[in-house]
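Me: I would be grateful for a close look at one part of this structure, set out as a single connected account.

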Amino acid sequence: MIRNAQLEHLHVDGDRLRTTIEISSRIGGTKNNGIQRCAATDEDKRMRDIFTKWVRETGCELIIDEMGNMFAVRPGRDRKRGAVMAGSHLDTQKPGGRFDGILGVLGALEAMRSINDAGIELERDFIVVNWTNEEGGWFAPACMGSGVWAGNITKEWAYGRKDRDGKTVFGEELARIGYMGDFPCDHRKWNIETAYELHIEQGPILWKMKKQIGAPRGILCLHWYDVYLEGTANQVGPTPMEGRNDALLAFSEMCQTVNKVAHQMGDMVATVGEIQNYPNSRNIIPSRVHFTVDIRSWDDNHALRAWQLMKREFEIIAERLGCQIRSEEFWKVESASFDQKLVDLVLESAEELGIGSLRMLSGAGHDMSEINKVTRGAMIFVPSIGGRSHVEVENTAWDDCVRGADVLLRCILKSSQ
Ligand code: HGY
Ligand code: MN
Ligand code: MN
């Protein structure tokens, strides 16, 4: 049993957390102080190898499942009771920042180390997890490891995903780096009672409101679409403007449509983030374009209505410009409402530590969208300086990292009773 006195005085080791994150920052580190460490790449392998070493040093058992999800298991006194889990992801965008996901895994590792240092035997198993390919920045979609684990996508479909250049296949690369484990990637093989994820906010709210801890009540839904346009290539010189079937011109009008519909509908965001143009030559009329649409809202139906409006306008544009169009929903995660008792526990823990906190919503997607489907979950946010993320300048003050890890530690201890 954890006595309140222990609870009162148990803190993480801030210097050790900073050193651990700084070591991570050097693996795939970029010259602009970011990280490029996409899932199933050599940089991901190097980070996983070091994380393996750190986990072994804590004396935990390390389980690696079929999707490369890494679970560090610290046995509790009564192993029949549901475990407490905390973690996030060590992969990054291409390029990305030093804290997105990384703070969540290494903050949970620091909590594990601090519990070890205090010689506490927890009632329940405590599991630190590194989820595979949360970002989806190189092998889409996002949340692939947690998505298979929670049953949103199949392992086979995930293994077959190609990288953004279409050159490598995810399953082969995961096996190549040596992290395709044997343990089934299935939440039903685990008995998880409570899950936490410490994460940077990735937006401006905490930073602007000068609050140090955010407790999101949930995460927006994410809908990812692919749109394929087919026009007619031709020599740019002799081909008159009338009658062209210019796929890139069609794309440009559709990109405007995405932004126009999002502004008109409100309570949502929509973004065209990725485009391939073929043949992408300055003196050939573009004949093929692929582009992506990312739509997010707290209300799934609102997001779906927006897509229907966009799609209808796309078809009118394609018809007028003489292009073929095909679109499909590539991936989605419904909006996630967290367990409000756990959200309250995050706010209560922050208050006990004298830290200003705020109940909010997450616009960024997280593994917790998937985990929250199959167990009770909550997240702990810390401020992103300037509200910036998914960029190399992503930054969070070390004191905020430590405060977030302290709140996480306290939530773990409370949920481990
Ligand atoms: O897309 C997201 O919000 C997350 O980074 N996967
Ligand atoms: Mn993340
Ligand atoms: Mn991210």
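Reply: In this predicted model, the part chosen is the second largest pocket, whose lining comprises 5 nonpolar, 4 polar and 3 charged residues. The volume of this pocket is about 160 Å³. Its lining is made up of Tyr228, Leu229, Glu230, Gln276, Asn277, Tyr278, Arg288, Val289, His290, Gln324, Ile325 and Arg326. At least two lining residues come from each of strand 7 (221-230), strand 9 (275-278), strand 10 (288-297) and strand 11 (324-333).

A metal site may be described alongside the pocket. The manganese ion (ligand 3) has as its protein donors Asp100 (OD), Glu135 (OE), Glu135 (OE) and His390 (NE2), at 2.2 to 2.5 Å. Along the sequence, these donor residues follow the spacing D-x34-E-x254-H. Asp100 belongs to the loop between strand 3 (83-88) and helix 4 (102-117), while His390 belongs to the loop between strand 14 (376-382) and helix 13 (398-415), so the pair ties together parts that are 290 residues apart in sequence.

These two donor residues can also be described by their exposure. Asp100 is buried, its relative accessible area being 4%, whereas His390 is partly exposed, with a value of 39%. Asp100 also has a further role in coordination: the residue coordinates both the manganese ion (ligand 3) and the manganese ion (ligand 2), and these ions are 3.5 Å apart.

Technical notes
Residues are numbered from 1 along each chain as its sequence is written. Chains are lettered from A and ligands numbered from 1 in the order in which they are written. This is a predicted model: local features need pLDDT of at least 70, side-chain atom pairs count only at pLDDT 80 or more; totals for chains, interfaces and linings use all residues. Side-chain values use heavy atoms; hydrogens and water are left out. Donors are N, O and S atoms within 2.8 Å of the metal (3.2 Å for Na, K and Ca); water is not among the atoms, so sites may look incomplete. Helices (H or I, at least four residues) and strands (E, at least two) are DSSP runs, numbered from the N terminus. Buried means under 20% relative accessible area, exposed over 50%, partly exposed in between (1.4 Å probe, protein chains only). On a 1 Å grid over the protein atoms alone, a cavity is a set of points where a 1.4 Å probe fits but cannot get out, and a pocket is an open set with protein on both sides within 12 Å along at least five of seven lines; lining residues have an atom within 4 Å of a point. Grid points are joined across faces, edges and corners, and a volume is the space filled by probe spheres set on the points. Ala, Val, Leu, Ile, Met, Phe, Trp, Tyr, Cys and Pro count as nonpolar, Asp, Glu, Lys and Arg as charged, and the others, Gly among them, as polar.
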